Amino acid sequence: MDASTNTKSQKEVTKMVGFIGGGRMAQAMAKGFISSGLVRAKNILVSDNSQQMLSMVGEIGVNTTMSNKEVVENSELIVIAVKPNIVAPILKEVAGVVSPDKHLFVSIAAGVTIRSIEQNLPAGTRVVRVMPNTPALVQAGAAVMASGSSALPDDVILVQELLRTIGICEESPEYLLDAVTGVSGSGPAYAFAAIESLSDGGVKMGLPRELATKLAAQTLLGAAKMVLETGKHPGQLKDEVCSPAGTTIAAMHVLEKKGFRGILMDAVEAATLRAKELGASN
């Protein structure tokens, strides 16, 4: 569904949307909400303890404040977009002005569980936890969400539609969000490293740096689109590129010998385990 063309959804999001934390992800989300037509800039209020950050956020036309309580008092949907270690103190700070009937909290803080959020807010507060990623900055994000015990079906629909303005959004049980972090949350870094390495290889073989980087980035973008749009298994698409005794199968042989796939699997595992550690400490 294209949320930006859904008239019913546009009417539903006339409510105020607040962001506690005005960093890059908050800015990306706000820009997506505004550009889709789902939320007007005047209906978004962002708080941050940095005046410089608020100045940056203000450039997209939203309202800003240094008061977290003001965000909660004047919003119905509140996005928690701060570092994991300060989520609990902020929730305790604003808990006194939270109304479970009025407020829906959406947390994008890595590793912070729904249970820990609910424990720091009044009983019955509606909570949705989301694991987004940085390509949301270019409206190509991948997000997965899990809903708390008091979240309503309409809350889930609303959050999905908002997040689909900056990419894709799927739903899963919360226990899978650490693995989501390992795949898509940390995944852009793996892709950037792959692009850089491909570019380095191109330069080694004589290509100008700018051309090598552009070719590498476009190649990963194109390959990703083929997976998403054809519905074919990545292995099948790989086989279709590997002609007998050709250049690609020779390259794939090197990747297999060097443990390319195992390295990526180990990276996902390491990021997942680290996310679990962060969750245990918050």
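Colleague: What makes the space in the largest cavity count as a cavity here, and how much of it is there?

Modeller: This is a predicted model, and about 40 Å³ of space lies in its largest cavity. The word cavity is used because a 1.4 Å probe fits there but cannot get out.

Colleague: Which residues line the largest cavity?

Modeller: Its lining is made up of Met 29, Phe 33, Leu 77, Val 79, Val 106, Val 159, Leu 162 and Leu 163. Helix 2 (24-36), strand 4 (77-80) and helix 7 (153-163) each bring at least two residues to that lining. Helix 7 gives the most, with 3 residues.

Colleague: How do you know how the lining of the largest cavity divides into nonpolar, polar and charged?

Modeller: By the residue types. Met, Phe, Leu and Val count as nonpolar, so the lining of the largest cavity comes out as 8 nonpolar, no polar and no charged.

Colleague: How many cavities of 30 Å³ or more does the structure hold?

Modeller: There are 2 of them. The second largest has a volume of about 30 Å³, and among its lining residues are Pro 132, Asn 133, Gly 141, Leu 163 and Gly 167. Strand 7 (141-147) and strand 8 (167-171) each supply at least two lining residues, with the largest share, 3 residues, coming from strand 7.

Colleague: What makes some residues in the second lining polar?

Modeller: Gly counts as polar here, and Asn falls outside the nonpolar and charged groups, so Asn counts as polar too. That lining, which includes Asn 133, Gly 141 and Gly 167, has 7 nonpolar, 3 polar and no charged residues.

Colleague: Now the helices. Why is helix 8 called roughly parallel to helix 9?

Modeller: The axes of helix 8 (residues 177-185) and helix 9 (residues 187-204) come within 5 Å and cross at roughly 25°. Angles under 35 degrees count as roughly parallel, so helix 8 is roughly parallel to helix 9.

Colleague: Which residues meet where helix 8 touches helix 9?

Modeller: From helix 8 come Gly 182, Val 183, Ser 184 and Gly 185, and they meet Gly 187, Pro 188 and Tyr 190 in helix 9. By class, that contact has 3 nonpolar, 4 polar and no charged residues.

Colleague: Gly 187 lies in helix 9. Is Gly 187 buried or exposed, and how do you know?

Modeller: Gly 187 has 13% relative accessibility. Buried means under 20%, so Gly 187 counts as buried.

Colleague: How far is Gly 187 from Leu 264, in sequence and in space?

Modeller: They are 77 residues apart in sequence and 9.5 Å apart in space, C-alpha to C-alpha.

How values were computed:
Residues numbered from 1 in each chain as written. Predicted model: local features only at pLDDT ≥ 70, side-chain atom pairs only at ≥ 80, totals over all residues. Heavy atoms only, no water. 1 Å grid on protein atoms, 1.4 Å probe; cavity = no way out; pocket = protein on both sides within 12 Å on 5 of 7 lines; lining within 4 Å. Points joined across faces, edges and corners; volume = space filled by probe spheres on them. Helix = DSSP H or I, 4+ residues; strand = E, 2+ residues; numbered from the N terminus. Axes fitted to C-alpha atoms, helices over the stretch in contact; angles between N-to-C directions. Parallel < 35°, antiparallel > 145°, perpendicular 65-115°, else oblique. Contact = heavy atoms within 4.5 Å. Buried < 20%, exposed > 50% of the residue type's maximum accessible area, 1.4 Å probe, protein only.
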